[in-house]
Amino acid sequence: MVSTEYERKIAARFATFDQDGNGYIDREDFSAAAKALLAEFGTAARSDKGQALYIGAEAFWQGMAGIADRDGDQRITREEFVHGAVKRLRDNPDRFAGIAGPFLHAALAVADADADGAATVAETARALKALGAPEAVATAAAGTLDTDADGRISEPEIVSAFARYFTVPE
Ligand code: CA
Ligand code: CA
């Protein structure tokens, strides 16, 4: 039963990772996220960008499992997520950049059609929507990510936004 604002935020973050909604986070959720992004941007899984994204997704999963899967069953339950991932990443945001970095770098390369090293707000909204965010939420979030308001979202903006996402005040 979700009761406090903190618990609601945790539930939303868990749902973001639990892409298939089966109640736990596992490797399949990360490969599903990679697959959804590649489909949205018409990128082949066997392309260099597709391979980099799957490798980044696997590294992201391994990193999350390493800090949160306490019983080692290759599944992160909501309880493990709250007491492992959220707390430890909040205590050490740089660690999040380390484990999520390769995935975010590869995701940006997939979304960045003109390969100038940044995604447009529209490309970012498409990526967030592909990952399951409702259209209005994706559009609003993409605008917020563009912190210097130049219409482009750079890798540091993406990494810091993801790290902030985990800095959930209790
Ligand atoms: Ca899942
Ligand atoms: Ca587990």
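The exercises below walk through a predicted model of one protein chain.

Residues are numbered from 1 along each chain as written, and chains are lettered from A and ligands numbered from 1 in written order. In this predicted model, local features need pLDDT of at least 70, side-chain atom pairs count only at pLDDT 80 or more, totals for chains, interfaces and linings use all residues, and side-chain values use heavy atoms, without hydrogens and water.

**Exercise 1. Work out the fold pattern and overall dimensions of the protein chain.**

Step 1. Take helices as DSSP runs of H or I with at least four residues, and strands as runs of E with at least two, numbered from the N terminus. The chain then has eight helices and two strands.
Step 2. Read along the sequence: the pattern is α-α-α-α-α-β-α-α-β-α.
Step 3. Check the radius of gyration, taken over C-alpha atoms; the globule rule is 2.2 Å times the number of residues to the power 0.38. For 170 residues a compact globule would be near 15 Å, and the chain has 15 Å, so the two agree.
Step 4. Box the C-alpha atoms along the principal axes: roughly 45 × 35 × 25 Å.

**Exercise 2. Find the largest nonpolar core and the helices that supply it.**

Step 1. Define burial: under 20% relative accessible area is buried, over 50% exposed, and in between partly exposed (1.4 Å probe, protein chains only). Buried residues make up 41% of the 170.
Step 2. Join buried Ala, Val, Leu, Ile, Met, Phe, Trp, Tyr and Cys residues through side-chain atoms within 4.5 Å; such a set is a nonpolar core. The largest has 43 residues, and I25, F30, L53, F60, M64, F81 and F103 have the most contacts inside it.
Step 3. Assign helices. α1, α2, α3, α4, α5 and α8 each supply at least two residues of this core. α5 gives the most, with 10.
Step 4. Inspect F103. Counting contacts as heavy atoms within 4.5 Å, and leaving out residues up to four places away in sequence, F103 touches A33, L37, L53, G56, A57 and F60.

**Exercise 3. Is F17 buried or exposed?**

Step 1. Locate F17: helix α1.
Step 2. Its relative accessibility is 9%, so F17 counts as buried.
Step 3. Compare F17 with W61: they are 44 residues apart in sequence and 9.9 Å apart in space, C-alpha to C-alpha.

**Exercise 4. Describe the backbone and exposure of Q74 and A149.**

Step 1. Recall the background: most residues other than glycine have a negative phi.
Step 2. Q74 has a positive phi, near 65°. Q74 sits in the loop between α3 and α4 and is partly exposed because its relative accessibility is 42%.
Step 3. A149 also has a positive phi, near 55°. A149 lies in the loop between α7 and β2 and, at 63%, counts as exposed.
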